[in-house]
Amino acid sequence: MLMELFSFYNVENLFLPDPKPIHKLDPTQSGLRNWDEKRYKNKLFKISHVFQLMKEENGVMPFIIGLSEVSGRKVLEDLVKMEPFNSEYGIVHYNSMDERKVDVAMLYDKNKVEVIDSETITFFFEILNKNTGNYDTTRDVLFSKIKYEGELINVFIAHLPSKREKDINQPKRTFILNEIRERIMKIVNAEKEHVILCGDFNENPDDENLVKILYNNDHEKVLMNPFLELFSTRNYSTFHYKSGLLYDQIIMSRSFLNNNTLVFQDAHVFNSEKIRSRTRKFEDRPFRTYAGTRYLGGYSDHFPVFVKFKRLP
């Protein structure tokens, strides 16, 4: 059986090395402590190693990879030169107006995928306290229309505003998901094309926003979220204090259930032992790069997720 993987990975602050500070206490571009060439190279090696492991376990590299928390195009260019990408992967990336300068991006296997079109969907939010400028920006949602084996697939990659300070960002997430939902419904209804929406949603699969997005205005289910079942069986992609979370998800149109090219098989959190924490207390958690300001030298504070498709001849 031929198989294809589609993956998403929040790589936790993939920044270029910081220039040497002039004064010891100068803020750094990355916001990370002592983020130098050596640590950057180790981070690139770690991220590429994750995909090497995924390839070893599944026999194939993902044909599309959504990424979040990457800063600028250069880090992606450095990444795709490495094993197992071997410069065979193209990059779709735009700089967003995010205050932390982190973006989402898409990598794709140039031998299998043709990018027909891509754009960013940008969101501005008015700030009620006018002293701080007139609007608040967040990470863009990346949209790409791709062609795989003659089939068109519309890919949305998102990294929604995070949960913090009593979740003041919840209305923003709701607004962004409503916008994306409208676009998706148009594509599914009018154009009858496949859709995949992946990302770090900063919400679990059973949260209201992510349940609502699966249905059209007539309450018919047009999208499916296989991560709902994973979450109910305690599969987590990241952790906050004692809570396991499944913020990283891949949602898709139901057209992948009966299709003559790619047929959805199952969904996974890729939590291979090698990318898990080295301490016994946290052994089921991701081995992260930093814990606060303390450098651990790990992979990311998230596990990647992926879905498997059966590829019909």
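Which residue in S4 stands opposite Ile65? The legends below address this point and its surroundings.

**View 1. The open sheet of the predicted model.** Six strands (DSSP E runs of at least two residues, numbered from the N terminus) are arranged in the order S3-S4-S2-S1-S18-S15, with mixed pairing; two strands pair if DSSP finds at least two bridges between them. Strand S3 (89–93) and strand S15 (262–269) are the edge strands, each pairing on one side only. From one strand to the next, the twist averages 20°, angles running from 0 to 180 degrees between N-to-C directions of axes fitted to C-alpha atoms, for helices over the stretch in contact.

**View 2. The pairing of S2 with S4.** Strand S2 (residues 62–70) and strand S4 (residues 103–109) are antiparallel and share six bridges. Leu107 in S4 stands opposite Ile65, and Asp103 in S4 stands opposite Val70.

**View 3. The pairing of S1 with S2.** S1 and S2 run parallel and are joined by seven bridges; Ser68 in S2 is the bridge partner of Asn10. Nine of the nine residues of S2 are buried (under 20% relative accessible area, 1.4 Å probe, protein chains only), so S2 is largely enclosed by the rest of the structure.

**View 4. Helix H1 across the sheet.** Helix H1 (residues 37–58; helices are DSSP H or I runs of at least four residues) lies across strand S1 (2–14), S2 and strand S18 (305–311), at about 160° to S1.

Residues are numbered from 1 along each chain as its sequence is written. In this predicted model, local features need pLDDT of at least 70, side-chain atom pairs count only at pLDDT 80 or more, totals for chains, interfaces and linings use all residues, and side-chain values use heavy atoms, without hydrogens and water.

Technical notes:
Contact = heavy atoms within 4.5 Å. Buried < 20%, exposed > 50% of the residue type's maximum accessible area, 1.4 Å probe, protein only.
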